[in-house]
Amino acid sequence: RGTVKAFSPFDARADAEALRKAMKGMGTDEETILKILTSRNNNQRQEIASAFKTLFGRDLVDDLKSELSGKFETLMVSLMRPTYIFDAHALKHAIKGAGTNEKVLIEILASRTPAEVRNIKQVYLQEYEANLEDKITGETSGHFQRLLVVLLQANRDPDGRVDEALVEQDAQVLFRAGELKWGTDEEKFITILGTRSISHLRRVFDKYMTISGFQIEETIDRETSGDLEKLLLAVAAYFAETLYYSMKGAGTDDETLIRVMVSRSEIDLLDIRQELRKNFAKSLHQMIQKDTSGDYRKALLLLCGGDDE
C-alpha cells in the first residue's frame, strides 16, 4: 500500500550518470534529482549510490549535501538513508539532549514489524555503540516506558490467521481493564497492544466496540493520559493524525513531515492518505500543496503520489 514502488526498467548506472550531470558544473538541476530519487524505492536508491561511487569515486550523499540546501536537502538525504539507519538515526535524535521527543519513539516503535525492530536495535548498536533499550529506559518512565520495552522485545505475534476466540477474550479483558474498572489496569492494555499482531488487534477493536459501545480510542482517551495514551492510540490510526498535525495551524513541523513521508512511502502511505481524508476531511496532497513550497513541495507531492479529492 505504498506510493513508491520499485521503478522499472531500472538502470542504476544511468541514474547515477544523470545525477552526476545534474550536479556537475555551475548550478544544479534540482528537477532531475527529485524526479529520480522520489520514483525509485530505497533498495534502488542504495544501488544508485553504489554505482555513483563506482563510476565517479564520489559519495552521492556528500554531493547532495553540498549542492542542495534547506528542507529540500534534508528530504533528499533522508530518502538516501537505508531504512534501518534512517529509523535508528531518528531514534538517536529523539533521545539525545534535553527532553525526549516521545512522539518519535511512539511513531517508530509502535509501527515497525518485529523484524524491523530487531534490525533497528542492531543498527543502533553498530552505529552508536549503545543499547537502544537502555537509552530509552533511561529517558522514560512508568507505564509508557513499560510499553516501549514490550515493543522493543520485538515479540509481537506475526500477522496471519486471526483466532476469533482470542479476539473475543482480548476484547473482554480490555473492557474489564478499562470501562468496567475503577481506575485502569494499564498492564492488560500494555500486554495486549504490545504483543498481538496488527490484524488481530483490528478485530479486537471491532469486537470491543460491539461489547462496550465505545471505540477503543475513546476508552484509551478517557482511561489513560499523556504519552501512554499516544502510544496506545499509535496502534490505531496514528500516522494520518501525525501528518495532519505536522501541517495544521501556523508553521509546518517539517522534521515530522519528512520522517513520515520517507518512512511510510513504500509501506502504507495510501492507507494513511485515506485515513487522513476520512478523519480530517482533507487531502494530504492539498495540505502539502498549501504548506510547503519550491522543490521541497514538488518532491513531497511526488512521494504523496496523488490527490484524494
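The largest nonpolar core in this predicted model has 45 residues, and Met 76 and Met 261 have the most contacts inside it. Helix 20, residues 294-304, gives the most to this core, namely 6 residues. Where does the core lie with respect to the domains? Domain 1 (12-80) and domain 4 (235-304) both give residues to the core, so it lies between them.

Let me take Met 76 as an example. Leaving aside residues up to four places away in sequence, Met 76 touches Ile 33, Leu 34, Leu 37, Thr 38, Leu 68 and Ala 299. Apart from this core lies another one, of 24 residues, which includes Leu 105, Ile 106, Leu 132 and Leu 151. As general background, nonpolar side chains in soluble globular proteins tend to be buried together.

A word on the overall division. Besides the two domains already named, the protein has domain 2 (90-153) and domain 3 (164-231). The C-alpha centres of domain 1 and domain 3 lie 45 Å apart.

I turn now to the charged residues. The count comes to 17 salt bridges, and I shall present three of them.

The pair to begin with is Lys 71 and Asp 254, whose closest N and O atoms are 3.5 Å apart. This salt bridge links distant parts of the chain: Lys 71 is in helix 5 (residues 70-80) and Asp 254 in helix 17 (residues 254-264), with 183 residues separating the two. Are these partners buried or partly exposed? Lys 71 has 43% relative accessibility and therefore counts as partly exposed, whereas Asp 254, at 14%, counts as buried.

The next pair is Asp 170 with Arg 196, where the closest N and O atoms are 2.6 Å apart. Asp 170 lies in helix 11 (residues 164-177), while Arg 196 lies in the loop between helix 12 (186-195) and helix 13 (198-212), so the salt bridge ties together parts that are 26 residues apart in sequence. Both Asp 170 and Arg 196 are buried.

The remaining pair brings us back to helix 20. Lys 298 forms a salt bridge with Asp 295, at 3.6 Å between the closest N and O atoms. Both residues lie in helix 20, 3 residues apart, or about one turn of the helix. Lys 298 is partly exposed because its relative accessibility is 37%; Asp 295 is also partly exposed, with a relative accessible area of 21%. Which residues are linked with them in a network of salt bridges? Glu 31 and Lys 35 are linked with Asp 295 and Lys 298 in that network.

Conventions
Residues numbered from 1 in each chain as written. Predicted model: local features only at pLDDT ≥ 70, side-chain atom pairs only at ≥ 80, totals over all residues. Heavy atoms only, no water. Domains from an automatic or database assignment. Core = buried A, V, L, I, M, F, W, Y, C linked by side-chain atoms within 4.5 Å. Buried < 20%, exposed > 50% of the residue type's maximum accessible area, 1.4 Å probe, protein only. Helix = DSSP H or I, 4+ residues; strand = E, 2+ residues; numbered from the N terminus. Contact = heavy atoms within 4.5 Å. Salt bridge = Lys/Arg side-chain N within 4 Å of Asp/Glu carboxyl O.
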